[in-house]
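The exercises below concern one protein chain. Work each task on the sequence and model before reading its solution.

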Amino acid sequence: MGAFLSGLLDDFARHWPLYVSIPVVAALIGYGTKLVAIRMMFQPVEFLGIKPVFGWQGIVPKRAARMASIACDTMTEQLIKPAEIVARLDADRIAQEIAKPLEAAVEDIVREVAGHYQPGLWESLPVGVQRLVIQRVQTESPHMVKAVLELIKSDVDSVFDLKGMVVTSLVKDKRLLNRIFQEAGEQEFKFIARSGLVFGGAIGVIQMIAWVLFKFPLIMPVFGLFTGWFTDWLALRMIFYPLEPKRYFGVQWQGLFLKRRAEVAEAYGALIAKEIITPHNVIQAILQGPLSDRVLALIQRQLDVEIGRAANVAKPLLVFAIGSRRYQDVKFAISEQIMARLPETMRYIEDYATDAMDIRNVLVTKMKELSPEEFEQLLRPAFQQDEWILIATGAVLGFLVGEGQVLLLEHLAA
């Protein structure tokens, strides 16, 4: 036994730089495989390679529709409702804010529609009469827009598809989808890389002892495979579990993502409010989204009400003069023109709407109220989808590096 130990010590003394390199390489395997795994989650944004057999696309952008749908389900089911967003807007205030820009738009609309449906008649009217007609429509238009907004607020789900808006935005801009997960989990991704370094080094010490004792060629690749696999698996577990603080060997631990929930809520809420659920996007989705035909119908109906209320005598005369069919065409043309101009006109209320909706603070407050299980789902889908590929990749890379390591050790030792 003494001779065996003496031989081991003598061997270690002669080749110690090679043996000490084993835990160092193991630490680098742990660190390197984590960096590769994280990169594989998000890059490349578009498929790179030869479809369908060879190539790669980041897991998150590859599953963009599903990832966006999951993220949106959390937003719309637990954090924010369409009615809650729109209900914060004051129709009277909006009518005041857009009164001036709407005046110019209405004048253009009246001149264009009148000139198209009654060519020559509009131009033959005295300027004073033209101005009177335009002023009358200008006076009524803010009231009409206000009435339409009130109708929208009373049944917002029929004209505004919040989930559709969010999913469309994220699928269209996969880099933005990446940013949601990357910014929400910024510290977690750093932890994954650093944990690979620490856990890999610790496993490497055991690997070094095993190699010094046995010098069996399979030790290196097997340990490399185990290092790549285990450190990936353990890092993911430590990020999300346990959901509540628990003690392990006298040390209290809670899943890192859950522990940072206040910080994550601030970053997540700010990003969503700045990039996705913005007043501009909400207005665009209502006025130009898949349900915009319903808004157009509301405008047409309200336009008919305004014309009837403002001109009980003039309306029948107008119908008689140009015909009921043409009257309907005129009304439809005016409604379409108003719809076409509203997005630009509503741009003037975006500052007010940002303050009134206060989307960021609503999101942050609601996120802090989520249960641990619900909060976990903000980031967990990015890891769950094809998670086994990431862990398997770490294991394969570890095995290959270990195989190269044993060849190098045997060559240098010889």
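**Exercise 1. Locate D358 and describe its backbone and its exposure.**

Solution. Step 1: D358 sits in the loop between α18 and α19. Helices (H or I, at least four residues) and strands (E, at least two) are DSSP runs, numbered from the N terminus. Step 2: this is a predicted model, in which local features need pLDDT of at least 70 and side-chain atom pairs count only at pLDDT 80 or more, while totals for chains, interfaces and linings use all residues. Residues are numbered from 1 along each chain as its sequence is written, and side-chain values use heavy atoms, with hydrogens and water left out. Step 3: phi of D358 is positive, about 50 degrees, although D358 is not a glycine. Most residues other than glycine have a negative phi. Step 4: D358 counts as partly exposed because its relative accessibility is 28%; buried means under 20% relative accessible area, exposed over 50%, and partly exposed in between (1.4 Å probe, protein chains only).

**Exercise 2. Describe the surroundings of A353.**

Solution. Step 1: A353 belongs to helix α18. Step 2: its relative accessible area is 0%, so A353 is buried. Step 3: leaving out residues up to four places away in sequence, A353 touches L89, P279 and D358, where contact means heavy atoms within 4.5 Å. Step 4: A353 and D90 are 263 residues apart in sequence, yet 9.1 Å apart in space, C-alpha to C-alpha.

**Exercise 3. Which residues of helix α19 are buried, and against which helices do they pack?**

Solution. Step 1: α19 covers residues 359-368, and its buried residues are I359, V362, L363, V364 and M367. Step 2: these buried residues pack against α3 (64-79), α4 (82-87), α13 (261-275), α18 (350-357) and α20 (372-376).

**Exercise 4. Describe the salt bridges of R360, E263 and E183.**

Solution. Step 1: a salt bridge is a side-chain nitrogen of Lys or Arg within 4 Å of a carboxyl oxygen of Asp or Glu. By this rule the count is 9 salt bridges. Step 2: R360 pairs with E266, and their closest N and O atoms are 2.6 Å apart. This pair links distant parts of the chain, with R360 in helix α19 and E266 in helix α13, 94 residues apart. R360 is partly exposed at 33% relative accessibility, and E266 is partly exposed at 31%. Step 3: salt bridges with shared partners join R179, E183 and E275 into one network. Within it, E183 and R179 have their closest N and O atoms 3.0 Å apart. Both lie in helix α9 (residues 174-184), 4 residues apart, about one turn of the helix. An α-helix has 3.6 residues a turn, so residues three or four places apart point the same way. Step 4: E263 forms a salt bridge with R260, with 2.9 Å between the closest N and O atoms. E263 is partly exposed at 47% relative accessibility, whereas R260 is buried at 12%.

**Exercise 5. Which residues form the nonpolar patch on the surface, and which element gives the most to it?**

Solution. Step 1: patches are made of residues with over 30% relative accessible area and no salt bridge; like charges are joined within 9 Å, and nonpolar side chains (Val, Leu, Ile, Met, Phe, Trp, Tyr) within 5 Å. Step 2: the members are W16, V20, V24, L28, Y31, L35, L197 and V198, with about 720 Å² of accessible area together. Accessible areas come from the Shrake-Rupley method with a 1.4 Å probe; for residues, only the protein chains shown count as cover. Step 3: α1 (2-42) and α10 (186-214) are the elements that give two or more residues. Helix α1 gives the most, with 6 residues. Step 4: V24 lies in α1 and is partly exposed, at 47% relative accessibility.

**Exercise 6. Find the cis peptide bond that ends at P44.**

Solution. Step 1: P44 is in the loop between α1 and β1 (48-50). Step 2: the bond from Q43 to P44 is cis, with omega near -10 degrees.
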